[in-house]
Amino acid sequence: MHRKISNSARGFEPPPYPYARLGRIAEVAARHEGGVVDLSVGTPCDPPPDFVISAMAGSGTERGYPSSVGSEALRSAAARWMERRFGVTVETGNVGACVGTKEFVASTAWYLRLRDPGRDIVIAPAVAYPTYAMGAMLAGCGLVTVEESPGGGVDLSAVADDVSERAVMVWLNSPSNPTGSITDLGAAAEWGRRHGVPVFSDECYTEFTWDRSSVSTVLNGGTDSVVAVHSLSKRSNMAGVRVGFYAGDPDIVGYLSAVRQHAGLMVPGPVQAAAVAALDDDDHVEEQRARYLHRLRRLAEILEAAGITASLPAGGFYLWVKVPDWAAHAPSGLGSVGGAADSEDSAWKFAEILANAGGVVVSPGDFYGTTAQGFVRIAAVQPDDRIELVARRLGAASHVHLDESPGDPPADAGEASSSSEIALGSEGPLSHRRPRSSL
């Protein structure tokens with residue numbers, strides 16, 4: 001017999017998954033001939049190298065259970081890569097494998113709090129990948145966020161002493177998802193050591209730092225009280241097979257690897273073999289870096305041509321775009337798309353405009369924190385031909401009204417404007433009024 005849980009007895013209820021809230025925006029975009037161009041989720045569209053697939057197919061490791069902490073071959077390959085990329089030496093015993101880095105981000109605060117239950121705060125950037133906040137929630141910790149400095153990056157000196165005394169960990173992300181900013185990881189590591197707070201640095205976009213002289217790791221100043229987290233999802237287009245690693249402080253890595261072994265967290269053996277092949281090769285990463293930079297530049301050109309200011313990031317493959325004033329004042333045709341307040345959030349209005357005009361889906365800023373409202377994130381993760389499709393659509397929309405349903409013939413250029421239309425004129429070439437179809 002199932003016991004019915006009363007509302008008063010309910011405990012944790014997971015919030016809606018951010019990207020699941022985009023369904024109605026995607027419906028608008030899908031009306032276009034040629035379908036949706038999805039620039040919302042940062043999932044790679046390019047294949048991993050053939051030699052990586054061959055290594056996975058021919059590893060012969062399918063039969064037995066893999067090592068939870070990672071094979072010696074995988075941890076050695078990770079250490080070799082860190083030495084090549086950052087000039088740091090890390091012992092293989094201070095490296096552990098994770099099943100992609102998302103699960104590591106979501107679970108680590110919980111594991112650390114089990115060890116030190118008196119510490120009940122996680123510190124993270126105010127505008128950030130949402131899983132840092134979810135990890136704090138799952139651990140039963142409070143979340144204290146730090147805004148980016150005016151020049152970009154997170155400065156932990158703003159954290160109050162009464163917060164640092166209770167902090168179980170700090171999460172940093174450099175280059176940042178979604179803003180692309182670079183944090184001074186050396187200064188952050190020193191802050192953590194002074195305050196006795198371990199600093200975890202999510203460096204999954206480090207290969208896409210556009211000024212290569214700015215490439216850094218939190219391990220550059222040593223491994224004491226710091227852990228670097230790296231993923232092959234972005235670097236080598238291996239998001240579908242889930243593999244990453246963490247490296248740094250011997251005590252922290254040893255503790256986490258022991259807990260994770262009990263939890264049964266294991267990267268499959270064939271995937272570990274593929275990761276070794278990927279980490280030992282830098283040429284495919286150079287090629288991927290060039291692809292992303294080209295796409296970022298092209299997307300920025302397309303947006304600028306449509307009257308939307310878009311600056312290239314310092315790192316990562318996202319454009320972090322402030323909602324134009326003309327879009328912020330447009331009416332919303334979808335009402336409360338993703339929540340009660342969305343119709344008042346200019347980012348959701350702007351996302352609707354882009355879906356209606358260009359058949360493109362982007363991520364509203366509130367996915368990344370309450371102070372990120374008024375921005376959208378645009379991921380350069382579609383092939384060139386799909387990006388050019390957006391260019392053609394937005395180019396056409398610069399000369400017609402955006403209330404035309406996709407597939408309708410353009411409005412007569414000489415047709416008088418409706419009194420319900422917002423004429424954006426000099427503020428932006430895209431015009432907008434409430435769509436005819438109500439979703």
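Two residues are in contact when they have heavy atoms within 4.5 Å of each other. Keep that in mind as you look at this predicted model, and pick out contacts between residues at least 6 apart in sequence: 75% of them join residues at least 24 apart. The chain has 439 residues, and buried residues make up 54% of them. Along the way you will meet some of its 14 helices and twelve strands.

A good place to begin is a sheet. Seven strands build this open sheet, and if you walk across it you meet them in the order 2-8-7-6-5-3-4. The pairing along the way is mixed. At the two edges sit strand 2, residues 95-98, and strand 4, residues 142-146, each of which pairs on one side only. On average, neighbouring strands of the sheet are turned by 20° against each other, direction ignored.

Let us stay with strand 2 for a moment. Its partner is strand 8, and the two run in the antiparallel sense, joined over four bridges. One place to look is Gly96, whose bridge partner in strand 8 is Tyr246. Is strand 2 covered on its faces or left open? Both faces are covered. Val95 and Ala97 lie on one side, Gly96 and Cys98 lie on the other, and all four are buried.

From strand 8, residues 244-248, you can step on to strand 7, residues 226-231. This pair is also antiparallel, and five bridges hold the record of the pairing. Within it, Ala228 has Ala247 of strand 8 as its bridge partner.

Next, turn to the loop between helix 8 and strand 8. Asn237 lies here, and so does Arg242. Each has a backbone angle worth checking: phi of Asn237 is near 55°, a positive value in a residue other than glycine, and Arg242, also not a glycine, has a positive phi of about 60°. How exposed are they? Asn237 has a relative accessible area of 10% and is therefore buried, as the cut-off for that is under 20%. Arg242 is partly exposed, because its relative accessible area of 29% falls between 20% and 50%.

Another loop to visit runs between strand 5, residues 167-173, and helix 7, residues 185-195, and it holds Pro175. The peptide bond leading from Ser174 into Pro175 is cis, with omega near -5°. Pro178 is found in this loop between strand 5 and helix 7 too. A cis peptide bond joins Asn177 to Pro178, here with omega of about 25°.

Finally, look for the largest pocket, which contains about 1,100 Å³ of space. Of the 47 residues that line it, Pro18, Lys102, Tyr129, Pro130 and Thr131 are the closest to its centre. Which helix gives the largest share of the lining? That is helix 5, with five residues. At least two residues each come from helix 4 (101-115), strand 3 (121-125), helix 5 (131-138), strand 4 and helix 8 (232-235). Strand 4 may be familiar by now, as an edge strand of the sheet. Sorted by class, the lining has 26 nonpolar, 13 polar and eight charged residues.

Technical notes
Residues numbered from 1 in each chain as written. Predicted model: local features only at pLDDT ≥ 70, side-chain atom pairs only at ≥ 80, totals over all residues. Heavy atoms only, no water. Pairing = 2+ DSSP bridges. Axes fitted to C-alpha atoms, helices over the stretch in contact; angles between N-to-C directions. 1 Å grid on protein atoms, 1.4 Å probe; cavity = no way out; pocket = protein on both sides within 12 Å on 5 of 7 lines; lining within 4 Å. Points joined across faces, edges and corners; volume = space filled by probe spheres on them. Nonpolar A, V, L, I, M, F, W, Y, C, P; charged D, E, K, R; others polar. Buried < 20%, exposed > 50% of the residue type's maximum accessible area, 1.4 Å probe, protein only.
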